[in-house]
Amino acid sequence: MSRTGARHRTRAVTARPRHLIGGLLALLTAMTATACTTGDDRPAVVVTTNILGDVTRRIVGDEADVTVLMKPNADPHSFGLSAVQAAELEQADLVVHNGLGLEENVQRHVDAARASGVATFAAGEAADPLTFHTADDDGGPEGGEGQPDPHFWTDPDRMRKVTGLIADQVIEHVKGVDPGTIRANADRYTKQLTDLTTWMEKSFGRVPADRRALVTNHHVFGYLADRFGFEVIGAVIPSGTTLASPSSSDLRSLTEAMERAGVRTVFADSSQPRRLADVLRTETGGGVRVVALHSESLTAEGGGADTYLRMMRSNTTAMVTGLTGD
């Protein structure tokens with residue numbers, strides 16, 4: 001073979017790798033662009049509690065990624081975050097949290113995210129919060145302005161208000177979402193909440209006036225009582241948090257109040273140990289029923305209260321049965 005032929009052959013062989021390298025670079029560029037538009041650049045909303053997480057997902061739909069920090073059947077007063085979850089808060093476009101002292105072990109992480117420039121929305125603070133009073137040894141209210149009650153979601157009308165406000169926050173702070181889609185999702189969910197209120201009113205209408213008194217394992221149904229005409233006699237744990245503990249005088253005062261009101265049913269959250277409610281049942285001579293409700297956390301899928309709407313309907317049915325049964 002001549003030198004010229006050898007030279008041409010060498011060029012032909014070396015040209016192929018250069019062509020392949022160029023093709024690979026083009027492929028990698030295309031793959032990177034696809035990843036950026038479908039994954040890494042997706043707007044992100046992080047929600048602390050699973051109740052608000054469900055509602056936020058109904059509003060956001062497919063417009064952004066929604067991460068819920070609290071697992072099913074968890075206690076919002078005591079659940080904590082992993083290092084990865086704490087980092088997610090500070091990388092979010094928007095953080096939705098309950099506030100009013102509910103997420104006791106998470107609030108500092110929310111505050112840190114806010115300090116780093118992340119938009120945050122405290123739903124409870126925007127829901128016309130009520131206050132509750134603990135009871136002293138004589139059964140009277142302790143002084144002061146009371147404590148803010150964080151459990152606003154037990155009133156579906158307040159949740160309806162919060163739905164619109166979350167939609168506002170998403171549109172304002174989460175870039176890239178379609179405002180029309182967010183509004184349509186929120187309007188659709190608002191209609192479902194209106195239907196829920198109507199159904200709850202009809203259901204609670206079956207409870208006679210002399211049985212519309214509530215005792216729970218801790219103060220959680222003040223908003224429901226205010227909206228649907230019930231009286232909160234007291235709570236086994238005289239506080240808005242499950243992390244508090246009752247004294248013997250607290251139990252004695254509550255027992256006496258129950259006897260005066262003729263209350264024979266105690267409602268206890270299904271995510272909490274029922275030992276305290278069972279103790280109260282023993283204190284009253286064993287004639288008190290303990291009815292489990294899903295008051296502060298959704299269940300896992302298929303658990304009977306895996307969405308906010310199903311949780312509220314399940315609780316309403318259990319309360320009506322518990323208060324009207326003999």
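Colleague: In what order do the four strands of the open sheet stand?
Modeller: This is a predicted model. Its four strands form an open sheet with parallel pairing. Neighbouring strands are turned by 20° against each other on average, direction ignored. The strand order is 2-1-3-4.

Colleague: Which strands stand at the edges of this sheet?
Modeller: An edge strand has a single partner strand, so one side of it is left without a neighbour in the sheet. That description fits strand 2 and strand 4 (119-122).

Colleague: What is the bridge partner of valine 45 in strand 2?
Modeller: Strand 1 (residues 44-47) and strand 2 (residues 65-68) pair in the parallel sense. Four bridges hold that pairing. The partner of valine 45 is valine 66.

Colleague: Is the β-α-β crossover from strand 1 to strand 2 right-handed or left-handed?
Modeller: The chain leaves strand 1, passes through helix 2 (residues 50-60) and enters strand 2. Seen with the strands pointing away from the viewer, a clockwise path counts as right-handed. This crossover is right-handed.

Colleague: Which residue in strand 3 does valine 47 stand opposite?
Modeller: Strand 1 and strand 3 (residues 94-97) run parallel and are joined by three bridges. Opposite valine 47 stands valine 96.

Colleague: What angle does the direction of helix 2 make with that of strand 2?
Modeller: Helix 2 packs on the sheet. It touches strand 1, strand 2 and strand 3. Its direction makes an angle with that of strand 2 of about 170°.

Colleague: Which strands does helix 4 touch?
Modeller: Helix 4 also packs on the sheet. Its direction makes about 150° with that of strand 3. The strands touched are strand 3 and strand 4.

Colleague: How far apart are the closest N and O atoms of arginine 114 and aspartate 111?
Modeller: Both residues lie in helix 4 (residues 107-115), three residues apart, about one turn of the helix. Arginine 114 is partly exposed at 38% relative accessible area, and aspartate 111 is partly exposed at 34%. They form a salt bridge, with the closest N and O atoms at 2.9 Å.

Colleague: Are aspartate 155 and arginine 158 buried or exposed?
Modeller: The two form a salt bridge, with the closest N and O atoms 2.9 Å apart. Buried requires under 20% relative accessible area. Both aspartate 155 and arginine 158 are buried.

Colleague: What is the N to O distance between arginine 183 and aspartate 168?
Modeller: Arginine 183 sits at 36% relative accessibility, so it counts as partly exposed. Aspartate 168, at 31%, counts as partly exposed. Their side chains meet in a salt bridge, N to O, at 2.7 Å.

Colleague: Which helix holds threonine 197?
Modeller: Threonine 197 has a relative accessible area of 5%, so it is buried. Beyond its neighbours within four places in sequence, it is in contact with Pro156, Asp157, Arg160, Arg227 and Phe228. Among these, Asp157, Arg160 and Arg227 are linked with Glu201 in a network of salt bridges. Threonine 197 has its place in helix 6.

Colleague: Which residues touch the most other members of the largest nonpolar core?
Modeller: This core has 54 residues. Helix 10 (residues 308-324) gives the most to it, with eight residues. Touching the most other members are Met159 and Tyr308.

How values were computed
Residues numbered from 1 in each chain as written. Predicted model: local features only at pLDDT ≥ 70, side-chain atom pairs only at ≥ 80, totals over all residues. Heavy atoms only, no water. Pairing = 2+ DSSP bridges. Helix = DSSP H or I, 4+ residues; strand = E, 2+ residues; numbered from the N terminus. Salt bridge = Lys/Arg side-chain N within 4 Å of Asp/Glu carboxyl O. Buried < 20%, exposed > 50% of the residue type's maximum accessible area, 1.4 Å probe, protein only. Core = buried A, V, L, I, M, F, W, Y, C linked by side-chain atoms within 4.5 Å. Contact = heavy atoms within 4.5 Å. Axes fitted to C-alpha atoms, helices over the stretch in contact; angles between N-to-C directions.
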